[in-house]
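Let's take a friendly walk through this structure, strand by strand and then helix by helix. Have the sequence and the 3D view open as you read.

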Amino acid sequence: MKTRVILVGIGGATCSGKTTLAKHLRRILPNSVIVHQDDFAPPQELIPIHPVYGVQDWDRAEGAIDWPRMIKALDEVKRTGEIPPEHVSHDHLNEQKDVPIDDAVYEKWKTYFEKVDQEHRAQGEEIKWVMIDGFLLYWHPEVVDKLDIRVFLRVPQDVLKRRRHERHGYHTAVQSDPEGSLWRDPPNYWEQIVWPAYVEAHEGIVENGDVEHGKPNGKVPGLVLLDGLELSMGDMVDRVCGVLENACGASA
């Protein structure tokens, strides 16, 4: 049987809801997995020190991700539809709030994609879905090029800041140390490090460099922008599933 792997990028700032959205999609889509960009962070001792503020900078794109390792992993995932066996995720260590969706949305799309899966199997093709969530997903052109679907969640800065401060920290585990340690933001880390790095990494993909209000400018082809405050999580799941319905090229 032939295998078709569809990579679904779900990008957005820290605390924008991207991982929650990815997990809802994983529940709906048959043969689906999630790859978390956070799992490609370098070891803590290799995280650069900010030249002005003298603290580790986990957010600036150049140093926050081991890009060669991520690109290699995506190549493998695209080829097989499975996460490489040597890859270890630490997502389960991080605190995440449950954001439920309506059962009707879940049932509608689960039924639909199960039927699509059956139709394709009858034609000798297996579809595998890979959700890739990340806070720097649309910065590196090689990563962008590998994605078949590109979704971006946008949430205002004040809401993101509040959500970030409500979290107790982030686990910085890497492949060599799956349990890792808990990172807590130093004072003013949001204002000095997190938000400026987010703006720098994303101002090139929206009109006028306006990360809060600008429309996609075409630099990331086919970018689907979702407003994380105007839409409920159920609305976002519904919207993305509609995009995936077109991507899988089946009528059910």
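A good place to begin is G9, whose bridge partner in strand β4 is R150. Please keep in mind that this is a predicted model. The pairing at G9 belongs to a wider match: strand β1 and strand β4, which covers residues 149–154, run parallel and are joined by five bridges.

Strand β1 also has another partner. With strand β3 (residues 125–134), β1 pairs in the parallel sense, here over ten bridges. If you would like a landmark for this pairing, look at G11, which stands opposite G134 in β3.

How enclosed is β1 by the rest of the structure? Strand β1 spans residues 2–12, and eight of its eleven residues are buried, so it is largely enclosed.

Now let's turn to a pair of helices. Two packed helices are described by the angle between their axes and the distance between the axes. For helix α4 (residues 103–122) and helix α8 (residues 233–247), the angle is about 15 degrees and the axes lie 10 Å apart. Angles under 35 degrees count as roughly parallel, and α4 and α8 are therefore roughly parallel to each other. Their crossing is left-handed.

Which residues meet where α4 and α8 come into contact? From α4 come V105, K108, W109, Y112 and F113, while α8 brings G234, V237, D238, C241, G242, L244 and E245. Sorted by class, this contact of α4 with α8 has seven nonpolar, two polar and three charged residues.

Definitions and conventions:
Residues numbered from 1 in each chain as written. Predicted model: local features only at pLDDT ≥ 70, side-chain atom pairs only at ≥ 80, totals over all residues. Heavy atoms only, no water. Axes fitted to C-alpha atoms, helices over the stretch in contact; angles between N-to-C directions. Helix = DSSP H or I, 4+ residues; strand = E, 2+ residues; numbered from the N terminus. Parallel < 35°, antiparallel > 145°, perpendicular 65-115°, else oblique. Left-handed = near helix turned anticlockwise from the far one by under 90°. Contact = heavy atoms within 4.5 Å. Nonpolar A, V, L, I, M, F, W, Y, C, P; charged D, E, K, R; others polar. Buried < 20%, exposed > 50% of the residue type's maximum accessible area, 1.4 Å probe, protein only. Pairing = 2+ DSSP bridges.
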